[in-house]
Every structure is written in C-alpha cells, then in structure tokens.
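The following note is intended for a student who is reading a protein structure closely. Please keep the sequence and the structure in view while working through the numbered points.

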Amino acid sequence: MKNLFLFLACFMLILATNAQEKPQDSTSTETLDEVLVKAVRVSKDAPVTHSNLTKKEIAKRNLGQDIPVLMNYMPNVVTTSDAGAGVGYTGIRVRGSDATRVNVTINGIPYNDAESMGTFWVNLPDFASSVENLQLQRGVGTSTNGSGAFGASLNLLTDKVSEKGYGEVSNSFGSYNTRKHTLKFSTGKLNDGFEISGRLSKIKSDGYVDRASSDLNAYFLQAAYVTDKTLIKALVFGGKEKTYQSWYGLTAEQLEEDRRQNPYTYENEIDNYKQDHYQLHWNQKINTNWSTNIGLNYTYGRGYYEQYKEDEDFANYGFTDIIIGGTTINTTDLVRRKWLDNDFYVFNANANYNNKKLDVTLGGSYSYYEGDHFGKVIWAEYASDSEIGHRYYDNTTYKTDFSFFSKADFKLNSKLLVYADLQTRIVQYNSRELAVKDNFTFFNPKAGLTYKINNFNSLYASYARANREPNRTDYENGTPKPETLNDFELGWRTQHKKFNINTNLYYMAYKNQLVLTGELDLVGAAIRKNVGDSYRFGLEVDANIALSKKFSIQPNIALSTNKNKDFITSKDGDLVQLGDTNISYSPNIVAGNAFNFLPTKNIQISLLSKYVGEQYMANIDSKNSKLDSYFINDLNITFELTPKKVAKSIVFSALVNNIFNVEYVSNGYYYTYDDTWSNPGTTTTLDGAGYYPQATINFLLGATITF
C-alpha cells in the first residue's frame, strides 16, 4: 500500500514538472482552488441545507480556540470543551448528533478517525489559521468521502494560492495562562506559477479545570503549481499534543464543592499523540466543460495515554501470582500506557462536466486503515515476572472503505433546478481482538428540487438516505447493527440587498440509530446502543440583516423534537416500556445571534449570544440525567491599522467570553447500575452522573501583523 501511494505521488509530480502553460490570473486561481472541494460541496442554490464560514469571519475570533468553538454560533450547533476554555479536547454536536456522526473532510480527504469515527481537533492545533473557508451541511447533505454523515457534513478548504508574497506574525494571550503564537508566510505566485506557503503554531493553556493543561504544536506547509488549466498542490501538515486528563468530569458533589477541581492526582495522567498528514492534489481543466481532480493522502498517527491504576488484577496483564512472606499477591498498583499506532491511505478521483444547464460530477474514493492497539506497563508496585517492553495486549485492526458516486444539477428552465445524487459505499472492518469481521454494502440515494419564485425567493425540497456502520466502541460494548437514516428537508431562501433569510423544516427518520446512552467506557469513550425507530423533527431559521450601514444582526434559531419510539429499558431487574422518550444530548431549542457594530471601517464590535435549552444525557427521561439550559454572551472587538511603512496591516483582537460570568455545564455523562448487595434477592437500579463545567468570564487578546 505504501509503495502504491508513493508511485502515484511521483507520477503526479512528474506530470506537474512537465506542464508548460502560462500562469493564470487571480480569479482563475481561486476557481481552481475551489474545485478541490467541489465534489463534496453544494452550490448556494442546491436543495441541501447548509451554511458557510469564510476566512475573514474565522479570523475575528481565531485566538487559539479549536475549530468547533469557532463554529459555536452557526445554526443548530452546540459545542463543549473538556478543559472548559476551548483549548484541548473539544466537541461539537449538530442537530443533536455528536462528532462521530459529523463527516469531516479536508480538501475532500476524510479526517474522521476511520475506527472511532471521531474528529480530534487537538491533533491539528490552530488549523483554523490555514482554513480558507468551510461549509457545514446539516442533515445527510451531499455524498461525501469517508464515514457516513448522520447529523452533518463539515468540509474545509485550506489556504488558496496567494497572488502576492507575505509574512504574518500572530500572538495572543489570555486567561488560564492561554497563549498562541503563529508564524505564516507565502512566496506569492512566482513567474513560473509556483507558490510555497507555510505556518508554525504553538498553543499552551492551563485550562479552566485545574491541571487540564494543553501543550500543542502544529505545522502546515504547502507547495503549489498553477497554470491556466492546472493546479497541483502538495501539502504536509500535522500536530503534536500533550493534554492532561480531564475526560471524566466531576460528580454533582464535586461540582458544588469546587467546579474547577480535577480529581486526577497522578502527575502524568496525559494523552500524548502526534499526527502527520501528507496530501497531493491535481486539478486539471481539460476544456470549457470538463475538469478532473485527483487527491492522495497518507496520515500517520502514533501516541498513547498514560494512566495510574490501583488494585489491578495480575490476570489482566499476563502477570503470574507471587508469594511474599507467605501471602499470595495477585493485584498491584501500576502505571500503564495504551498505544495507538495507525496508518491511513486515501485515493480520491472525480470528473466534472459543466455547461449552462447541466453540472455533473462522477467520482470515487478508496481508503485503507491499519491501526495497531497495544498496551505497556511502565511501572508496577509488584511487577511479577513481567519484562521491560512487554505488551499485555496487542491487536491490529484493518478497515477499507470504497465508495463511488454520481451527482448532477440540471436546470430544467430559468426557475427549476433538479438535483440527483447516487452513492454506493462498501466497507470492510476486521479486528482479531474484538473477533469482528464485518462487510457492509450501502446504497445512498439523494434527490431534490429548487424552485426560483422570483429574483429574491426560492423554495427547495430534498430527500436523502444514509447508512452507517458501527464504530470500534460499539463493537466493544455489544453486537451492534448498522443504522439507516432517511432525511427529508423543505426550505425557503430569500435574498435581498439588505437581508437574507434561510428557513427549513427537517424530518430525520432513523432505523437502528446508535444513540448515546450517556455512559462512558473505561477509556472515556461514549457508549452507544441501537434503538429501534427514532426521529428528529425541527425548524431552523437563520438570517443576516443590515439594520443600517453600521449595524447588522445575524440571528438563528432551531426548534426541534427528538424522540425514541416505544423505548424499552431495564429497571430494577425488569424490562420497562417507557413509550416515546427524548433522544440523549438533543436540546429542543438552540439559538444564537451576532449583533455587529462598525463605528468606522476598521473597527468592528460584536456581541455574540448563544442559548441552549435543557437536554437529557440519557434516553430514559430521568431528571438526574438532565443538563440545565444556559445562555452565554461573548464580546468580540477587532481594530485594524494599515500603516504605510514596515507592515501592511496590524489587527488587534479582543475576545471576552461569557461576559456575564454564568456558571454552566454544556456536557456530561450518565450511568445506571444494578445494586444486588443492599437487599439480597432483589435488584435495584441506581444511577449517577458526571459534568464538564465550562469557564466563567475569561478573555483572550491578540495582535496579527502582516508584512
């Protein structure tokens, strides 16, 4: 597999070296850049519910927090942070669906971990500084590469080719000893069509939660070759993170006692991981109508998390019982490291035909994942007969994912656009340790209509089906079934000079949905279980309204009901029929707003507001599993200077988060267990919960100098 990847990469570079065409103008360059993500994105008129975020919008608040936090004010989005301040491990939910169900691509390359399907932005610190724009498609969206989208698709386009050279220095500092340092550069497009650009980043934070520290390093390097019809990009980017454990939150008692405390006392209870990405893209415009795009990717990840454990059984580590002073010893305190060493290969290819009436894309993607899971004991009070470097478990898993699709936009006339999208996806997963060898073949059709009422208003309707395989944690905790989603969307868009409004209704009907139970397993991963039938039904409205030349607002609101049908659970030793219950982690109200004031053209002041309604952390509607609603406000100020000498631009940024000092919890976990000891002969179901407190009022200040 590695040899094949290297061969294809060399072949593409040879083609780039032999290209002999004149450099293109800036408009054409930007168009070619956008083609890198055309296969997984939709146009503004497509019958797919979506929102876009530009580089300029991201930059206003890009002071060190992760991409999910920067997306917090997008429609129907809920974000959270383990450390409480948006640095380190962060999470995102869209329409109540967690990050494992949000398909993420970078330049069309899948980013979700192939096995867990999670997205760990902590492995790509400050990646927002290298993002040109992003598109969030809510619901199933269009066919994409990688794991199936069950709540949303997020695709990112990295920095476009720069016409002119520049250098950029960015520094920010803030609460909890948080700081970010970024260096960026570009040679600009040289006469022969080459451009080289790059970034180095360093982020550190102590975290709002005690000792929930992050030490993050990242790099990004891009070489591009551009002509009138050719764009070739070679990218190398990655990061290394060292994050102190705060994965298990606090109990209600600990939260009341001291919401910033961290119950872990072992000095090196850390996650230590490094990830490197290598991408090569070749976009070729053949003629006025035809263009092709090929993408290659290799991702290499390796690292461990370290834990101190008490009274561990010898048998779990392959230790032999020992006798000391006539006493048999078969348990020990120890420190262990659980490792993951993985390789991920991707090959994407697509062809596009486009004329005034028809836009057709044919494409496919193949990926291969190999993950080595193993554990080592690095210290033990009683080491028995163990040897240095002994692996107490060792397992390799394999996963292949092959998909091919065809999608088309057809303008029947000046008012009616027809959209069709067909995808077949074939998945194979093999794990000896879990005794799993599963094969799946999924067919995912999608179709829609957009009707243009007049120059300002349009209506759209769409249907999309998605199928999805279980992830590793699902297999570890049971015998899961694949799940199916039928997504129906009905929307209205109105666009005027001074305002635009997007409104849509959605109904997402699931079969065998793998819902979060609220529980965590022994390594902090969320546990999910199949439920029979379930659904999400909601209304989303977002707008951008210019009140005057200096004032604008960007409100959004999502109202929804999210239900498991005829839910059955175990209580006090019996199966209990609960009827329709709320799906976990799915608030019925999510609303946001940005109130923007521009006193002058180089100053912007924004008040950002977010309301998240109450939500349950389990599917049984237990009061003990409820998270309270919260309403948070942030203040963001940017001020730009354009001196005539030395620097082209100096931008000062200030971000005051949670300006009203609200004590709130945005995430947690809930578990039940059977007590058979208190009253022998009976079974009583007891429960408990954990919470992730978020930071009270805090600030970040930054300055970016561009030369």
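1. Arg472 and Glu433 are joined by a salt bridge in this predicted model, and their closest N and O atoms lie 2.6 Å apart. The two partners come from distant parts of the chain, 39 residues apart. Arg472 belongs to helix H6 (residues 472-476), while Glu433 sits in the loop between strand S20 (416-431) and strand S21 (436-452).

2. Are the two partners of this salt bridge buried or exposed? Arg472 has a relative accessibility of 9%, and therefore counts as buried, since the cut-off is under 20%. Glu433, at 40%, counts as partly exposed because this value falls between the limits of 20% and 50%.

3. The loop that holds Glu433 also contains Ala435, between S20 and S21. Ala435 has a positive phi, near 55°, although the residue is not a glycine. With a relative accessibility of 70%, Ala435 counts as exposed, because the limit for that class is over 50%.

4. A second residue with a positive phi is Arg95, at about 55°, and this residue is not a glycine either. Arg95 lies in the loop between S3 and S4. Its relative accessible area is 2%, so Arg95 is buried. Arg95 also takes part in a network of salt bridges with Arg138, Glu489 and Glu540.

5. How many salt bridges does a search of the whole structure find? The search finds 28. One of the pairs is Arg199 with Asp126, with an N to O distance of 3.9 Å. Arg199 in strand S10 (residues 194-205) and Asp126 in the loop between strand S5 (109-110) and S6 are 73 residues apart. Both Arg199 and Asp126 are buried. Another salt bridge connects the side chains of Asp394 and Arg391 at 3.2 Å, N to O. Arg391 is partly exposed, at 36% relative accessibility.

6. The next topic is the nonpolar interior. In soluble globular proteins, nonpolar side chains tend to be buried together. The largest nonpolar core here has 27 residues, and the members that touch the most others are Ile67, Met71, Phe127, Leu134, Leu136, Leu154 and Leu156. Several elements each supply at least two residues of this core, among them helix H4 (67-70), strand S6 (131-138), strand S7 (152-158) and strand S12 (230-244). A separate second core of 22 residues includes Tyr244, Tyr248, Leu516 and Tyr692.

7. Leu156 illustrates how a core member is surrounded. Leaving out residues up to four places away in sequence, Leu156 touches residues that include Val37, Ile67, Val104, Trp121, Phe127 and Leu134. Its contacts also include Arg41, Thr105, Asn107 and Asn133.

8. Ser458 is found in strand S22 (residues 457-468). At 12% relative accessibility, Ser458 counts as buried, because the cut-off is under 20%. Apart from neighbours within four places in sequence, Ser458 is in contact with Thr450, Tyr451, Lys452, Ile453, Gly491, Trp492 and Arg493.

9. The structure contains 16 cavities of 30 Å³ or more, and the largest holds about 310 Å³ of space. Which residues of its lining are closest to the centre? They are Val69, Asn72, Thr79, Asp634 and Tyr664, out of 22 lining residues. The lining has 8 nonpolar, 11 polar and 3 charged residues. Strand S2 (77-81), strand S32 (603-612) and strand S35 (630-641) each supply at least two residues of this lining.

Key
Residues are numbered from 1 along each chain as its sequence is written. This is a predicted model: local features need pLDDT of at least 70, side-chain atom pairs count only at pLDDT 80 or more; totals for chains, interfaces and linings use all residues. Side-chain values use heavy atoms; hydrogens and water are left out. A nonpolar core is a set of buried Ala, Val, Leu, Ile, Met, Phe, Trp, Tyr and Cys residues joined through side-chain atoms within 4.5 Å. Buried means under 20% relative accessible area, exposed over 50%, partly exposed in between (1.4 Å probe, protein chains only). Helices (H or I, at least four residues) and strands (E, at least two) are DSSP runs, numbered from the N terminus. Contact means heavy atoms within 4.5 Å. A salt bridge is a side-chain nitrogen of Lys or Arg within 4 Å of a carboxyl oxygen of Asp or Glu. On a 1 Å grid over the protein atoms alone, a cavity is a set of points where a 1.4 Å probe fits but cannot get out, and a pocket is an open set with protein on both sides within 12 Å along at least five of seven lines; lining residues have an atom within 4 Å of a point. Grid points are joined across faces, edges and corners, and a volume is the space filled by probe spheres set on the points. Ala, Val, Leu, Ile, Met, Phe, Trp, Tyr, Cys and Pro count as nonpolar, Asp, Glu, Lys and Arg as charged, and the others, Gly among them, as polar.
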